[in-house]
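Subject: The structure for you to look through

Hello,

Here is the structure I promised to hand over, with the sequence beside it. Please open it first, and then read the notes that follow with the model in view.

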Amino acid sequence: MTEPVGETGARVITIDVQESDRAGEGLAPERLRAALDALRADGVVVLADVVGLDHLDALHERMVSDLALLRARPDAPYNWTAGNIQQDPPPFEPYLFADVLLNPQVIAVTSAVLGPGLRNVMYSGNTSLPSDTRQPVHADVGHLWPSDALEVAHPPAQLVVNVPTVDVSAENGATEIWLGTHRDVTVGVGGDIEVPPDALEARRRISAPIQPGIRRGSVVIRDARLWHAGMPNRTDRPRPMIAMMHVSHWLDVGTPLEFPAESKSFFEHPVLTTAARFAEQPTDHIYRSQGFGMVEQPTG
């Protein structure tokens, strides 16, 4: 088990997945327990070396080539800032990989947290573009009850699964993470997902945010309520990151994902159901993404 360290010295727990885990299509009990403990305490855990680098290379190349079309949309799906754009990966062969969409080590963790009937309701992502801008600190979703109705956080119901296509560092826009904030009830259902300044300052006195580096081939699993923010990418290269959302079976969220009809058998899995519609002509992935929080489109 290794621990990527942020600038403040705080750490994100990383589980070093072993060949025996891969052969057994899961995680050994001690590593599964460590992952669950990290999610419970910190709201985030990293599983190292679980995605094939050749698969990431193929996805990266295609996603970077798709960027020009995505950014040319009159309603380009930026998230708060022109430095971060919502981007769906190509949802068709030869870009569908089981170690991304149906990763056995990831499913071992998410099913242990969320219970039977686990569903994936997202296949999207975001790309950090060369920029000096950052996002406001936010949660992807709030708690399932209004914040003033909660004294303590409820158990997790939604977990984000992130797959970076390249090594991630503070230099190319590693996500700012506020460890443990999934247990803070400031952001509730129906409210603003941006965290108010007074709550940020109060939390900073307890635990400052970090920007942990993530090695290519790793997967990040985090509680969807965890406070985080997209950060400046000070390189000259975009940094894509794929995103999925695993949810408990009883939670009715999201719209059906669309994949080609011929890929239906790919998604058959005994534990994870993909909330999908299989169509002869699925929605163009360039036009499916929707941004968030952008008041005006960038010019020039």
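A good place to begin is Ile13, which is found in the segment before strand β1, residues 14-16. Please keep in mind from the outset that this is a predicted model. Ile13 has a relative accessible area of 15%, and because buried means under 20%, Ile13 counts as buried. If you look for Pro164, you will find that Ile13 and Pro164 are 151 residues apart in sequence, while their C-alpha atoms are 17 Å apart in space.

A second pair can be read in the same manner. Ala28 is found in the loop between helix α1 (19-24) and helix α2 (29-42), and with a relative accessible area of 15% Ala28 is buried as well. The C-alpha atoms of Ala28 and Ser248 are separated by 23 Å, although the two residues stand 220 places apart along the chain.

The residue with the most to follow up in these notes is perhaps Ser124, so to speak. Ser124 lies in strand β5, which covers residues 119-128, and at 8% relative accessibility Ser124 counts as buried. Which side chains make a polar contact with the side chain of Ser124? One is the side chain of Gln86, at 2.9 Å, and another is the side chain of Asp88, at 2.6 Å. If neighbours within four places in sequence are left aside, Ser124 is in contact with Gln86, Gln87, Asp88 and Pro89, and also with Ile242, Ala243 and Ser289.

Next come some details of the backbone, for which a general expectation is useful: most residues other than glycine have a negative phi, and most peptide bonds are trans. With that in mind, please look at Asp49, where phi is near 60°, a positive value in a residue that is not glycine. Asp49 lies in the loop between β2 (44-48) and α3 (53-72), and its relative accessible area of 36% makes Asp49 partly exposed. Trp80 also has a positive phi, of about 70°, although Trp80 is not a glycine. You will find Trp80 in the loop between β3 (78-79) and β4; is Trp80 buried or exposed? At 17% relative accessibility, Trp80 counts as buried.

The peptide bond from Glu93 to Pro94 is cis, with omega near 5°, and Pro94 is found in the loop between β4 (81-86) and α4 (98-101).

Finally, please step back to the whole chain, which has seven helices and 13 strands. For 300 residues a compact globule would have a radius of gyration near 19 Å, and the chain has 18 Å, which agrees. The C-alpha atoms fill a box of roughly 55 × 50 × 35 Å, taken along the principal axes, and buried residues make up 55% of the 300 residues. Among contacts between residues at least 6 apart in sequence, 84% join residues at least 24 apart. The chain exposes about 13400 Å², of which carbon and sulfur atoms supply 52%. As for charge, there are 24 positive and 39 negative side chains, and the centres of the two sets lie 3 Å apart.

With best wishes

Definitions and conventions
Residues numbered from 1 in each chain as written. Predicted model: local features only at pLDDT ≥ 70, side-chain atom pairs only at ≥ 80, totals over all residues. Heavy atoms only, no water. Helix = DSSP H or I, 4+ residues; strand = E, 2+ residues; numbered from the N terminus. Rg over C-alpha atoms; globule rule 2.2 N^0.38 Å. Buried < 20%, exposed > 50% of the residue type's maximum accessible area, 1.4 Å probe, protein only. Contact = heavy atoms within 4.5 Å. Areas by Shrake-Rupley, 256 points an atom, 1.4 Å probe, with all protein chains shown as cover. Lys, Arg positive; Asp, Glu negative; His and termini not counted. Charge placed at Lys NZ, Arg CZ, Asp CG, Glu CD. Polar contact = N/O pair within 3.5 Å; in protein donor to acceptor, adjacent residues only side chain to side chain.
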